[in-house]
Amino acid sequence: DTRTCLVGSEMCIRDSLEEMRPGLRWSAEVTQRLLDLGGGNPLFTIEALRHFEATGAAREKAGRIVPGPRWDDEHLPEALRGLVATRIGALRDEEHELLDVAAADGMEFDAAAVAAVLDAPILEVLRGLQRIYRERGVILPTRDGFRFANALSHDALYEQLAPALRSELHRMLADHLESEERDASPARLALHWERAGEKERALPYARRAAMDCLSRHELQRGLDWAERGGLGPGSPPDLLLAESDLALRLVIYLREAGQPDRGAALLEQLQDAADAANVEQLSLTCAMARIRIRLEDEGFGSVDPDRIERIAQALEPGLHRARAHASLAEVLQARSRFDEALRAVDEAERIYRRLDYNAGCANCLAKRGGLHLSRAEFELAEAAYAEAVRMARSGGRRLNAAISQVCLLYTSPSPRDLV
């Protein structure tokens, strides 16, 4: 079927890329753009890669192919422009009208948005798009709407739009999405308002897009959206207070992205804003964040557990309090205070379960497994790790599940049982 063919062609393209650059790893961002540009055609994809490298849109760094200094301004490879131009040039005026709006909406688009902008009946638009799919091959149907067959076709149509028309289409699409009852993608709304020239209206959506990406552990995209949303070191105190949850996540992910100084500066500014506004719970959360950073940098012996416990007890029951108890358990375990560490883990897990937060529960179960293992309580350790595997898998945390699965091997009381 079509899905199998697409999957097969994607695997073929990935193999071709690896053969072109053997021994190198590929960033997800570069790989996805190449796959989008190719649209299942290996020759298109390889030509796009050569173009990326020739123009500086992609480059090799530390054994990886990553976005280069001209990543944001790369255009269609010249060798492919003629092929795409021929297909686009064959479109009738009424087909162009539909696809102009679709191109402004993005690689994936829905007929309702196109119909709203054109003020046309939805059934008429759906039939028009269906004809384009059957006769032109420029777009493909999806479960929720349509998508362009490849990024080359989308980009060619989008680049042909006059600037004034392009801006107005983005504005009309943003207005339509805001008026819908169902929640639209914040990234989609932010992009439309940005390209309509309405940066201020884009900012809150960009920050919501950042939170969504970071929640899915899409590190670079999340950091990019946060920057586009005006949040980071140097942001006004009132914005930091209003977006404190996102700011705290940024502190963590800036460290992961190799920018610990920016993360530390952001945390200090957030702490100052909380203290100045007398927002006690946020001040405590910032203090706990500082402690977790110190534990990562200096080890579990660097902080007095009594201080962590005081902060944990002062925090309101919720996610931050659960995390504080989980950190307390690690510090107590490092001091071989196993009974107290188990009580801290129990408290953290109790809060996570009340919040229905499977990932937190899985982490607590893994910590409990480690505590029981430290005391040679193999059956209890085995039960805890097995439940941690189950909960991590149910929450989509495959890496956490794999780690707990490995830890299960150590719950055997005798090395001979591992053979």
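**Close-up 1. Ala 115 and its neighbours.** Leaving aside residues up to four places away in sequence, Ala 115 touches Ala 120, Ile 122 and Val 125. This is a predicted model, so keep that in mind for every view here. Ala 115 itself belongs to helix α6, which covers residues 111–118. With a relative accessible area of 5%, this alanine is buried, because anything under 20% gets that label. Look also for Val 101: Ala 115 and Val 101 are 14 residues apart in sequence, and their C-alpha atoms are 9.1 Å apart in space.

**Close-up 2. Helix α5 from end to end.** Helix α5 runs over residues 93–105. Does the helix have the length you'd expect, or what does the ruler say? At 1.5 Å a residue, its 13 residues should span 18 Å, and the end C-alpha atoms are 19 Å apart, which agrees. The helix is mostly covered, with 10 of its 13 residues buried. Among those buried residues are Glu 95, His 96, Asp 100 and Asp 105, alongside Leu 98, Leu 99 and Val 101. Ala 102, Ala 103 and Ala 104 are buried as well. Right after α5 comes Gly 106, with a positive phi near 130 degrees.

**Close-up 3. His 192 in helix α10.** Here we're looking at a histidine in helix α10, residues 186–195. Is His 192 buried or exposed? Its relative accessible area is 0%, so His 192 is buried. Not counting residues up to four places away in sequence, His 192 touches Ala 104, Asp 105, His 170, Leu 173, Ala 174 and Leu 177. Two of those names, Ala 104 and Asp 105, also turn up among the buried residues of α5. Leu 169 is worth finding too: it sits 23 residues from His 192 in sequence, with 8.6 Å between the two C-alpha atoms.

**Close-up 4. A cluster of three phenylalanines.** Searching the whole structure turns up 3 aromatic pairs. In one of them, the rings of Phe 109 and Phe 146 have centres 6.1 Å apart and planes at 15 degrees, so the pair is stacked. Phe 109 lies in strand β4 (residues 108–109) and Phe 146 in strand β6 (residues 146–148), so this pair ties together parts that are 37 residues apart in sequence. Both rings belong to buried residues: Phe 109 has 4% relative accessibility, and Phe 146 has 7%. Phe 109 also pairs with Phe 148, this time tilted, at 5.4 Å centre to centre and 50 degrees between the planes. Phe 148 lies in strand β6, so its pair with Phe 109 in strand β4 ties together parts 39 residues apart in sequence. Phe 148 counts as buried too, at 0% relative accessibility. Put together, Phe 109, Phe 146 and Phe 148 form one aromatic cluster.

**Close-up 5. Two arginines over aromatic rings.** Which ring does the charged end of Arg 166 sit over? That would be the ring of Tyr 158, with the charged end 4.5 Å from the ring centre. The other example is Arg 228, which lies over the face of Trp 225, at 4.0 Å from the ring centre.

Technical notes: Residues are numbered from 1 along each chain as its sequence is written. This is a predicted model: local features need pLDDT of at least 70, side-chain atom pairs count only at pLDDT 80 or more; totals for chains, interfaces and linings use all residues. Side-chain values use heavy atoms; hydrogens and water are left out. Rings of Phe, Tyr and Trp (its six-membered ring) pair if their centres lie within 6.5 Å; planes under 30 degrees apart count as stacked, over 60 as edge-to-face and the rest as tilted. Helices (H or I, at least four residues) and strands (E, at least two) are DSSP runs, numbered from the N terminus. Buried means under 20% relative accessible area, exposed over 50%, partly exposed in between (1.4 Å probe, protein chains only). A charge sits over a ring if NZ of Lys or CZ of Arg is within 6 Å of the ring centre and within 35 degrees of the ring normal. Contact means heavy atoms within 4.5 Å. The expected span of a helix is 1.5 Å times one less than its number of residues.
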